[in-house]
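Subject: Structure for you to look at

Hi,

Here is the structure I promised to pass on. Have a look at it first, and then read my notes underneath.

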Amino acid sequence: MEVASSNEVLRTSAADVIEEWVGTATQWFRRWATEPRTARSPAYSMYMTLEGAFMLRRAARDDSREHQTVRGL
């Protein structure tokens, strides 16, 4: 993802994958939210939280950050 902004093919591919993940999470959150827009917000939040955990894990070289995040979700 760090180079996606400088490579249009990579950026659009990454955007498609992210949209698929968020779409799947949105469907899951629709169990509690009747409006798709309402369910999409926690789906994006979950994705962004996991991305942050992955970055922290790589920077710290410590898998516990990722595990803590997943348990917290």
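Let's start with helix H1. At 1.5 Å a residue, its 22 residues should span 32 Å, and the end C-alpha atoms are 31 Å apart, which agrees. Before you lean on any of this, keep in mind that the model is predicted.

Which residues of H1 are buried? They are Ala14, Ile18, Val22, Ala25, Thr26 and Phe29. If you look down the axis of H1, these buried residues fall within an arc of 110°, so they line one face of the helix. Turn to the face that points away from that buried side and you'll find the exposed residues Val9, Asp16, Glu20, Thr24 and Gln27. There's also a nice detail at the N-terminal end of H1, where asparagine 7 acts as a cap. One of its side-chain oxygens lies 3.1 Å from the backbone nitrogen of valine 9.

So what do the buried residues of H1 pack against? The partner is H2. You can do the length check on H2 as well: 25 residues at 1.5 Å each should span 36 Å, and the end C-alpha atoms are 36 Å apart, which agrees. The buried residues in H2 are Ala39, Ala43, Tyr47 and Ala53. Just after H2 comes arginine 61, and its phi is positive, near 50°.

Now for the core. In soluble globular proteins, nonpolar side chains tend to be buried together. In this model, the largest nonpolar core has eight residues: Ile18, Val22, Ala25, Phe29, Ala33, Ala39, Ala43 and Tyr47. H1 (8-29) and H2 (36-60) each supply at least two of them, and H1 gives the most, with four residues.

Three residues are worth clicking on. For each one, the contacts I list leave out residues up to four places away in sequence.

- Phenylalanine 29 touches Ala39, Pro42, Ala43 and Met46.
- Alanine 39 is found in H2 and is in contact with Thr26, Phe29, Arg30 and Ala33. Its relative accessible area is 0%, and the cut-off for buried is under 20%, so alanine 39 counts as buried.
- Threonine 26 sits in H1 and touches Pro36, Ala39, Arg40 and Ala43. It counts as buried because its relative accessibility is 5%.

Here's one more pair to find on your screen: alanine 39 and tryptophan 28. They are 11 residues apart in sequence, and their C-alpha atoms are 8.2 Å apart in space.

Finally, zoom out to the whole protein. How many helices and strands does the secondary structure come to? There are three helices and zero strands, so from the N terminus on the elements run α-α-α. Of the 73 residues, 19% count as buried. The protein exposes about 5,700 Å², and carbon and sulfur atoms supply 56% of that. As for contacts with a separation of 6 or more, residues 24 or more positions apart account for 17% of them.

If you'd like a place to begin, go back to the core and pick out Phe29 and Ala39, which both belong to it.

Cheers

Technical notes: Residues are numbered from 1 along each chain as its sequence is written. This is a predicted model: local features need pLDDT of at least 70, side-chain atom pairs count only at pLDDT 80 or more; totals for chains, interfaces and linings use all residues. Side-chain values use heavy atoms; hydrogens and water are left out. A nonpolar core is a set of buried Ala, Val, Leu, Ile, Met, Phe, Trp, Tyr and Cys residues joined through side-chain atoms within 4.5 Å. Buried means under 20% relative accessible area, exposed over 50%, partly exposed in between (1.4 Å probe, protein chains only). Helices (H or I, at least four residues) and strands (E, at least two) are DSSP runs, numbered from the N terminus. Contact means heavy atoms within 4.5 Å. Accessible areas come from the Shrake-Rupley method with a 1.4 Å probe; for residues, only the protein chains shown count as cover. The expected span of a helix is 1.5 Å times one less than its number of residues. The arc is that of the directions from the helix axis to the C-beta atoms. A polar contact is a pair of N or O atoms within 3.5 Å; within protein, one must be able to donate a hydrogen and the other to accept it, and residues adjacent in sequence count only if both atoms are side-chain atoms.
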